[in-house]
Amino acid sequence: MALPLTRRSFLKFGVAGALALSLAPWVEGRAGARKRAALDDEDRALVRALAPALLAGALPADEPSRTAALDEILAALEQTLGGLPSAVRAELDALFALLLFAPARRWLCGVSEPWMRAAPQQVEAFLNSWQHGRFALQRQGYQALARLIQACWYGNPRAWTAIGYAGPPMLSAGTK
């Protein structure tokens, strides 16, 4: 559905575009500086904020077990990121840099507080808006975050019993 182009909407899009272009070198520079296997504290805070919403009740309810599960997700994520092709890693670095940039977090995500202090309702609203966003890049960003975090959790043997998965079949050494 196309929106009618009015002078006001043209000016709004022009200002938003100029702002985005002015911020692009900073975001690109930040993403370029992040090309490493380890996550920093901001990355960890982002994942800790997103994982409970993306896993929708799959994490343990008690705080010590939940914290341990989030630590395991972060460890799996670091291992996964280290094995990704550089082009994919660069795209994820750019996505993380965008989400961690305060003005983008506020205006593109609707999250006013830093991720470590973000209200769960704000995080859920952000994820929902990106999952069903009108721009393909929003939907792709959501899919990247969701698939990455879900794979890191459901690849963990501790998550298998909750979904009724007994684990991979054991092959005996004598079978061909």
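Buried means under 20% relative accessible area, exposed means over 50%, and partly exposed lies in between. Keep these cut-offs at hand as you work through the exercises on this predicted model.

**Exercise 1. Decide whether Glu-113 and Arg-117 are buried, partly exposed or exposed, and say what joins their side chains.**

Step 1: Glu-113 has a relative accessible area of 33%, so this residue is partly exposed.
Step 2: Arg-117 reaches 53% relative accessibility, which means that Arg-117 counts as exposed.
Step 3: The two side chains meet in a salt bridge, with 3.3 Å from N to O.

**Exercise 2. Find out which helices are tied together by the salt bridge of Glu-78 and Arg-44.**

Step 1: Start with the overall layout: the protein chain has eight helices and zero strands.
Step 2: In the salt bridge between Glu-78 and Arg-44, the closest N and O atoms are 2.8 Å apart.
Step 3: Glu-78 belongs to helix α3 (residues 63-83) and Arg-44 to helix α2 (residues 41-54), so the bridge ties together parts that are 34 residues apart in sequence.
Step 4: Now look at another pair. Asp-71 and Arg-48 also form a salt bridge, at 2.2 Å from N to O. This pair links helix α3, where Asp-71 sits, with helix α2, where Arg-48 sits, 23 residues apart.
Step 5: Check the exposure. Asp-71, at 37% relative accessibility, is partly exposed, and Arg-48, with 29%, is partly exposed too.
Step 6: Place these bridges in the whole: the structure holds five salt bridges.

**Exercise 3. Work out how the rings of Trp-160 and Tyr-165 are arranged.**

Step 1: A pair of aromatic rings is described by the distance of the centres and the angle of the planes.
Step 2: The structure has three aromatic pairs. In the pair of Trp-160 and Tyr-165, the ring centres are 5.1 Å apart and the planes stand at 80 degrees.
Step 3: Planes over 60 degrees apart count as edge-to-face, so Trp-160 and Tyr-165 form an edge-to-face pair.
Step 4: Compare the accessibility values. Trp-160 has 18% and is therefore buried, whereas Tyr-165 has 40% and is partly exposed.
Step 5: Look for other rings: Trp-115, Phe-126 and Trp-130 are linked into a cluster by ring pairs.

**Exercise 4. Name the residues that make the nonpolar surface patch of about 290 Å².**

Step 1: The patch is made by Tyr-154, Ile-163 and Tyr-165.
Step 2: Locate one of them: Tyr-154 lies in helix α7, which covers residues 136-154.
Step 3: Tyr-154 has a relative accessible area of 32%, so this residue is partly exposed.

Technical notes:
Residues numbered from 1 in each chain as written. Predicted model: local features only at pLDDT ≥ 70, side-chain atom pairs only at ≥ 80, totals over all residues. Heavy atoms only, no water. Patch = residues over 30% accessible without salt bridge, like charges linked within 9 Å, V, L, I, M, F, W, Y side chains within 5 Å. Areas by Shrake-Rupley, 256 points an atom, 1.4 Å probe, with all protein chains shown as cover. Salt bridge = Lys/Arg side-chain N within 4 Å of Asp/Glu carboxyl O. Helix = DSSP H or I, 4+ residues; strand = E, 2+ residues; numbered from the N terminus. Buried < 20%, exposed > 50% of the residue type's maximum accessible area, 1.4 Å probe, protein only. Phe/Tyr/Trp six-rings, centres within 6.5 Å; stacked < 30°, edge-to-face > 60°.
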